[in-house]
Amino acid sequence: LYVSAMSGTGGTFYGVSSVGTGLPIPPPSVTATPLPGMTTSGPSSYDFWFADASTLYVADDRTVALGGGIQKWTLSAGTWGLAYTLSTGLLGSPSGCRGLSGTFDSLGYPVLYATTAQAQNNNLVQLTDTGASSAFTVLASAGTNMAFRGVALTPEPGTLMLLCLGGVVLLRRR
């Protein structure tokens, strides 16, 4: 079980943490332990997606100037390190991202879907991660006084369905 947090006592809950071992049991016997390498303060982590056992994407809602966007973390020798932050093409605000999910394209590249961090009139965006300069594309914009809050993919073969509070976008694979 994993959780993300943007604050904590002494910075102990920044980033992504594992919770206990095995099946979760009620507090106070469960502790959250930051993944090795994710113990510094600063990130404003909301959602995350494990592409595989050694690649983790984290949505960070800070402004782009402060490192917001989608962070790509990689595991090396037991420690997670920030490879780069994806933020090119985030439109409508200098804010980063909150909701996050992903899948893979036919070439094996991660395809990320995220909601941007504006309080209202935000966007549902997509990005294929081919490197640090990969750019976001806007798939949908929330209406006036509305906001997309999260994004999830259904495991239906041949179809990707993006579910967002305030709307549904249906995409079909080619």
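Reader: What makes the strands β4-β5-β6-β7 an open sheet with edges?

Author: In this predicted model, four strands follow the order β4-β5-β6-β7 with antiparallel pairing, where strands are DSSP runs of E of at least two residues, numbered from the N terminus, and two strands pair if DSSP finds at least two bridges between them. β4 (45-52) and β7 (79-86) each have a single partner strand, so one side of each is left without a neighbour in the sheet, and these two stand at the edges. Neighbouring strands of this sheet are turned by 25° against each other on average, direction ignored, the axes being lines fitted to C-alpha atoms.

Reader: How do you know that β5 and β6 pair?

Author: Strand β5 (residues 55-60) and strand β6 (residues 69-76) are joined in the antiparallel sense over six bridges, which is to be set against the requirement of at least two. Y57 stands opposite K72 in β6.

Reader: Which strands are the edges of the sheet β8-β9-β10-β11, and how is β11 paired?

Author: This open sheet of four strands also has antiparallel pairing, and its edge strands are β8 (97-104) and β11 (137-141), each of which pairs on one side only. Strand β10 (residues 123-128) and β11 pair over four bridges in the antiparallel sense, and V125 has V138 in β11 as its bridge partner.

Reader: Why is the pair of F50 and W80 called edge-to-face?

Author: A pair of aromatic rings is described by the distance of the centres and the angle of the planes. Rings of Phe, Tyr and Trp (its six-membered ring) pair if their centres lie within 6.5 Å, and planes under 30 degrees apart count as stacked, over 60 as edge-to-face and the rest as tilted. The centres of F50 and W80 are 6.1 Å apart and their planes stand at 70°, so the pair is edge-to-face. The pair links distant parts of the chain, with F50 in strand β4 and W80 in strand β7, 30 residues apart. F48 and F50 also form an edge-to-face pair, at 6.1 Å centre to centre and 85° between the planes, and F48, F50 and W80 form one aromatic cluster.

Reader: Why is W80 called buried or exposed, and what is F50 called?

Author: Buried means under 20% relative accessible area, exposed over 50%, and partly exposed in between (1.4 Å probe, protein chains only). W80 has a relative accessible area of 7% and is therefore buried, whereas F50, with 28%, is partly exposed.

Reader: What rules apply to the numbering and the values?

Author: Residues are numbered from 1 along each chain as its sequence is written, and side-chain values use heavy atoms, with hydrogens and water left out. Local features need pLDDT of at least 70 and side-chain atom pairs count only at pLDDT 80 or more, while totals for chains, interfaces and linings use all residues.

Definitions and conventions. Axes fitted to C-alpha atoms, helices over the stretch in contact; angles between N-to-C directions.
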